[in-house]
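Student: Could you take me through one part of this structure in detail? I would like a close look at the shell around the ligand, and at how the domains beside it are arranged.

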Amino acid sequence: MSRALCWIRRDLRLNDHRALFEACANHDEVAVVFVFDTVILDALENRSDRRVTFIMQSLLELDQGLRKRGSSLIVLHGNPVHEIPKLAHELKAEAVLTARDFEPYALERDEEVRQALANQTIDFQTVKDQVIFERGEILSLTGTPFKVFTPFSRRWLEKFEERVDAIAYDPELSKLIPESLASPYSMGLDYSLIRFTECQPWLDAGEQAGNAALTDFESRINEYGDARDIPSVNGTSLLSVHLRFGTISVREAVQTALQHESAGAKKWLMELIWREFYQDILANNPQVVSTTFDPTYAELEWPGIDEHFEAWKAGQTGYPIVDAAMRCFAETGWMHNRFRMIVASFLTKDLLVDYKKGEQYFAENLLDFDLASNNGGWQWAASVGCDAQPYFRIFNPYLQSRKFDPDGIFIRKWIPELAYLDNRSIHEPSEMEAVMSDYSLPIVNHAEQRATAIAMFQQAKRNPTSM
Ligand SMILES: Cc1cc2nc3c(=O)[nH]c(=O)nc-3n(C[C@H](O)[C@H](O)[C@H](O)COP(=O)(O)OP(=O)(O)OC[C@H]3O[C@@H](n4cnc5c(N)ncnc54)[C@H](O)[C@@H]3O)c2cc1C
């Protein structure tokens with residue numbers, strides 16, 4: 001009789017769950033555990049963090065799913081480096097299976113878990129789950145990782161044709177240990193035990209909600225190409241949170257895209273490949289967590305001041321499109337991709353504030369925060385990353401506003417003091433209109449800041465190390 005422990009982390013579902021599938025296929029009995037990791041949780045200042053609520057609600061649903069099959073989830077609170085080997089020992093498990101994770105903290109933690117388990121002769125197996133292709137699978141003809149998206153995506157598509165990675169796996173859940181065996185080890189699902197309080201995320205958590213979001217998006221997928229850039233319409237999938245926490249499997253998302261021939265579906269598949277690209281960049285270049293991917297800009301000094309950073313966070317820069325996006329973000333933890341690009345460009349190229357500050361603020365507040373995508377997005381916008389936006393191509397916030405929120409619908413919603421302005425003025429209120437509306441005047445001049453930013457990058461290119 002062999003028993004295995006399936007350790008779930010950011011794969012909060014039962015369907016197409018690779019680690020669970022492998023555990024059930026190769027062992028007689030399987031227990032499922034989730035650890036509220038105190039290393040991660042203790043670092044969160046906000047004790048009603050939206051992500052904790054999303055995880056808790058997803059776990060409640062997952063636990064119900066296990067209970068329907070006569071089992072239940074084992075929930076622990078502590079450092080997994082100690083908790084997992086201890087539980088595996090107590091349950092007399094032969095093996096622990098989990099999804100592979102290339103974030104630097106996860107790699108370090110998993111290595112410690114592996115060693116602690118090895119000391120007890122318990123096997124530790126990690127399986128690919130979060131991506132279709134992981135580190136080392138998408139390589140150039142010379143066998144090196146790609147640094148540019150387009151050839152990466154071409155190779156990704158070729159490789160996908162050759163392989164069957166997108167086939168969903170249905171775990172044989174009859175192997176789960178009975179609830180009576182699992183529950184004595186579990187502390188249960190309760191916010192107070194982990195010292196957090198529940199909040200109300202803007203979208204429903206859990207696997208059912210993930211599937212519903214995918215089904216809903218499928219009815220709109222053909223329009224994605226045109227609708228994806230207009231934040232005031234429901235044009236994108238809103239699946240990033242579900243992909244982040246694994247309440248939907250990426251294989252299901254890719255299969256959905258492939259079931260449609262339209263340009264919209266093809267474009268959407270490309271976005272999923274962008275996600276894989278940034279995962280690949282992080283896995284191959286973990287240094288990007290602390291420095292620029294492009295070494296030319298590693299020593300770049302950003303002259304932006306704290307006061308401007310605070311105004312950006314508060315949505316009080318005097319640039320309506322930036323302020324609307326930032327106010328929406330502060331209230332919901334969500335930001336449309338077009339706005340992420342606009343506000344990141346504004347912070348780095350107009351306010352000349354270090355992208356790492358913006359990256360950190362997003363990391364603290366994004367419900368879909370994903371280290372690889374967030375770091376990739378910020379380095380792209382700041383022109384210091386891999387296959388980044390060229391430094392001289394700087395978004396004009398007024399033009400972006402007119403193009404992507406032409407009727408000011410989004411601005412009106414989030415900056416009510418400007419709602420009375422007509423479609424011409426709302427993007428760029430005059431000084432008098434701003435004063436009359438009690439709205440901030442622009443804290444910087446876009447044209448001047450743009451010139452300063454370009455000069456700053458040119459200087460860094462001429463003299464990369466002396467900045
Ligand atoms: C500065 C900045 C920070 C970002 N931070 C994150 C982050 O922390 N987490 C995150 O998931 N995405 C991040 N993105 C990427 C993108 O903004 C979000 O994935 C997208 O807005 C999520 O909305 P959606 O699910 O409706 O996307 P859709 O348009 O429906 O796209 C489908 C999926 O493709 C992936 N995707 C789409 N665009 C990108 C992209 N540019 N890079 C990587 N993956 C992408 C996401 O998983 C997304 O759910 C960031 C982008 C920028 C510019």
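Tutor: Happy to. In this predicted model, the chain is split into three parts: domain 1 covers 1–129, domain 2 joins 130–168 with 207–284, and domain 3 spans 295–462. The centres of domain 2 and domain 3, taken over C-alpha atoms, are 26 Å apart. Their contact involves 16 residues of domain 2 and 18 residues of domain 3. On the domain 2 side, α10 (240–245) and α12 (263–284) are the elements that give two or more residues, and α12 makes the largest contribution there, with 5 residues. Sorted by class, that side of domain 2 holds 8 nonpolar, 4 polar and 4 charged residues.

Now to the ligand itself. Its shell is made up of 29 residues, and the closest are T236, S237, S240, N374 and G377. Domain 2 and domain 3 each provide at least three residues of this shell. Among the helices, α10 and α12 appear again, each supplying at least two shell residues, and so do α15 (337–350) and α17 (371–381). The biggest giver is α17, with 6 residues. By class, the shell around the ligand comprises 13 nonpolar, 9 polar and 7 charged residues.

Putting the two views together, α10 and α12 give residues to the side of domain 2 that touches domain 3, and α10 and α12 also supply residues of the ligand shell.

Methods
Residues are numbered from 1 along each chain as its sequence is written. This is a predicted model: local features need pLDDT of at least 70, side-chain atom pairs count only at pLDDT 80 or more; totals for chains, interfaces and linings use all residues. Domain bounds come from an automatic or database domain assignment. Two residues are in contact if their C-beta atoms, placed from the backbone, lie within 7 Å. Helices (H or I, at least four residues) and strands (E, at least two) are DSSP runs, numbered from the N terminus. Ala, Val, Leu, Ile, Met, Phe, Trp, Tyr, Cys and Pro count as nonpolar, Asp, Glu, Lys and Arg as charged, and the others, Gly among them, as polar. A residue is near a molecule or strand if its C-beta atom, placed from the backbone, lies within 6 Å of it.
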